[in-house]
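User: Please take a close look at the largest cavity of this model. What lines it, and how do the surrounding elements sit?

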Amino acid sequence: MLIVVARYVVAEGHESTVRRLLRENAEASRAEPGCLEFSVYQEIDDPLAFLLYERYTNENAFQAHRQTPHFENIIEQQVVPLLNERAWTRVEEVST
C-alpha cells in the first residue's frame, strides 16, 4: 500500500474555491481503481492550508491517478494556479 500526504497553501481569498475543487477531485478520485481512500482536510489554525490524505494499492495506482482527466483539469489547471505552496510526500507502511 502507498500513502500520499499533500499540503497545499492557498493564496488568500481563494479558500472557498479551492475547498470546492478539492472536494470535486476527491469524489472523482475515490472512484478510481486502486484508490483506497482520498480525504481532504482544512487546517484549523491556518485556514489557507489544506491537507490531502490518499491511500492507493500501489505506486502504479497513484501514477494512474496523476494521469486522469480530473486530476489534470481540477488540480493542475484550476487549483495549482491558486496556490502559494504545494508539497507532498509518499510513504509506505513499515511492517512489524
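Analyst: The cavity comes first, then the sheet and helices, then the chain as a whole.

This is a predicted model, in which local features need pLDDT of at least 70 and side-chain atom pairs count only at pLDDT 80 or more, while totals for chains, interfaces and linings use all residues. Residues are numbered from 1 along each chain as its sequence is written, and side-chain values use heavy atoms, with hydrogens and water left out.

A cavity here is a set of points, on a 1 Å grid over the protein atoms alone, where a 1.4 Å probe fits but cannot get out. Grid points are joined across faces, edges and corners, and a volume is the space filled by probe spheres set on the points. The count is 1 cavity of 30 Å³ or more, and the largest cavity has a volume of about 90 Å³. Its lining comprises 14 residues, of which Tyr 8, Glu 54, His 65, Arg 66 and Phe 71 are the closest to its centre; a lining residue has an atom within 4 Å of a point. By class, 9 of the lining residues are nonpolar, 2 polar and 3 charged. Nonpolar covers Ala, Val, Leu, Ile, Met, Phe, Trp, Tyr, Cys and Pro, charged covers Asp, Glu, Lys and Arg, and the others, Gly among them, are polar.

At least two lining residues come from each of strand S1 (2-10), strand S3 (49-56), helix H2 (59-66), helix H3 (69-79) and strand S4 (83-92). Helices (H or I, at least four residues) and strands (E, at least two) are DSSP runs, numbered from the N terminus.

The 4 strands form an open antiparallel sheet in the order S2-S3-S1-S4, where pairing requires at least two DSSP bridges between two strands. Strand S2 (35-42) and S4 are the edge strands, each pairing on one side only. S1 and S3 are joined by 8 bridges, and Tyr 8 has Phe 50 in S3 as its bridge partner.

H2 lies across S1, S2, S3 and S4, at about 160 degrees to S4; contact means heavy atoms within 4.5 Å. Axes are lines fitted to C-alpha atoms, for helices over the stretch in contact, with angles from 0 to 180 degrees between N-to-C directions. Helix H1 (residues 15-30) lies across S1, S2 and S3, at about 170 degrees to S2.

Along the chain from the N terminus, the elements run β-α-β-β-α-α-β. The C-alpha atoms fill a box of roughly 40 × 30 × 15 Å along the principal axes.

Methods: 1 Å grid on protein atoms, 1.4 Å probe; cavity = no way out; pocket = protein on both sides within 12 Å on 5 of 7 lines; lining within 4 Å.
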